[in-house]
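Trainee: Please walk me through this model. I would like to learn how to read its features.

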Amino acid sequence: MTRLTVACIQMRGGRQIADNLTNTETLISEAYVGGARVVVTPEMTNLVDLGAKGPDRPVPEDQDPTLVRLASLAREKAITLIIGSLAIALPEDGRKANRSYLITPDGAIAARYDKIHMFDVEIGDGQTYRESRTYRPGDAAVIGEAPAARIGLTICYDLRFPALYQSLARAGAQIITVPAAFTRLTGEAHWHVLLRARAIETGCFILAPAQGGTHEDGRKTFGHSLIVSPWGEIIAEKADTDPGVLIAEIDLDDVAKARQRVPSLKGIRSFRPAF
C-alpha cells in the first residue's frame, strides 16, 4: 500500500489555548471526513502570542492540554497526526521548546523534534524577531516511524538550511513535514521556491501546513499551505490565508522514482575549502 491521503491544516492561531484547540479539532475532523489518514497541523498549534501579552502561557509537556487531547483524537480517528509544533515550557531551562510531535494511530507519541534553527532576524519594515531569547534550540534531526511511511520532522525557519533535509532523506525519510508561521513578507518572497527546492533536493514529499492571516498579537503570517511532490511539483495549495484543510493523495513510489531519475543524494561528497 503506497498510496496515502494526507492533509495539511491551515490555522489562524490566537492567544487563547482553548480556542485554538477547538479550532484544531474541528479542522482535523474535517480532514478525516475528507479521507486523510496522515494529518499535519502548523507551527504553534497551541498558542500564537509573540509578545506573551495574553492570559495563557505554555506549560510543561506532561500538562499540555493540546497534546493530551490531540493524541486522544488521533486514537479515536485511527490517524497518524503530526502536531506541527507546540510551545512547551521547560522548567529546568527557563525557556521553552518549539516542539513537533508525531502521534501514531494508537495515540502514542512516536517522535519528538525540537526546532533546531532559531528565527533571529531583522527582515526589514521594522520587523525584528529573536526566537532564541525565549526558545531553546534543538540539536538532533528526527525521523518518526508511522505505519505507512518514514516521516522527517522540521519546523518553519529550518526550511532555509538544506543540510538538515538532506540528512533526513539520506536516513530514509519519504515525507518531510514543514509546519510554519512564515511572515507575510518572507513568505511572499521565498515560501514556494524553498519548499520546491527542498523537495527536489531530497526526493521527498513535502507537507507544509501554515498559519495564515493577521493574528491577535498583530503578527501577519503568509498561509498558502502546500503539498509538494518529490519532483518539485505543487500537488495542492491552499492559495490564501484563511483557516481550512488541504487534502491530496500521494504515492510513496514516487519517492524512489524521483531518486532514480536524479540520484543526487548518492552523489553528495565532502570537500575542503580552497580559500
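Mentor: We take a helix, a sheet, a pocket and a loop residue in turn.

Mentor: This is a predicted model: local features need pLDDT of at least 70, side-chain atom pairs count only at pLDDT 80 or more, and totals for chains, interfaces and linings use all residues. Residues are numbered from 1 along each chain as its sequence is written, and side-chain values use heavy atoms, with hydrogens and water left out.

Trainee: What span should helix H4 have, at 1.5 Å a residue?

Mentor: Helices (H or I, at least four residues) and strands (E, at least two) are DSSP runs, numbered from the N terminus. The expected span is 1.5 Å times one less than the number of residues. H4 covers residues 184-202, which is 19 residues, so 27 Å is expected. Its end C-alpha atoms are 26 Å apart, which agrees.

Trainee: Where is the kink in H4 centred?

Mentor: A bend is the angle between axes fitted to the seven residues ending at a residue and the seven starting there. In H4 the kink is about 55 degrees and is centred on His190. Just after H4, Gly203 has a positive phi of about 65 degrees.

Trainee: Which residues of H4 are buried?

Mentor: Buried means under 20% relative accessible area, exposed over 50%, partly exposed in between (1.4 Å probe, protein chains only). Among the buried residues of H4 are Trp191, Leu194, Leu195 and Arg198.

Trainee: In what order do the strands of the open sheet run?

Mentor: Two strands pair if DSSP finds at least two bridges between them. Six strands give the order E5-E4-E3-E2-E1-E16, with mixed pairing. The edge strands, E5 (109-114) and E16 (244-251), each pair on one side only. E4 (residues 96-103) and E5 run antiparallel, joined by five bridges. Tyr101 stands opposite Arg112 in E5.

Trainee: How is empty space found?

Mentor: A probe the size of a water molecule is rolled over the atoms, and this shows where space is left.

Trainee: Which residues are closest to the centre of the largest pocket?

Mentor: They are Leu50, Glu131, Thr134, Tyr135 and Arg219, out of 35 lining residues. The largest share of the lining from an element, three residues, comes from E7.

Trainee: Is Gly51 buried, exposed or partly exposed?

Mentor: Gly51 is partly exposed, because its relative accessible area is 43%. Gly51 lies in the loop between strand E2 (38-40) and helix H2 (65-77). Gly51 and Arg133 are 82 residues apart in sequence and 12 Å apart in space, C-alpha to C-alpha.

Terms used:
1 Å grid on protein atoms, 1.4 Å probe; cavity = no way out; pocket = protein on both sides within 12 Å on 5 of 7 lines; lining within 4 Å.
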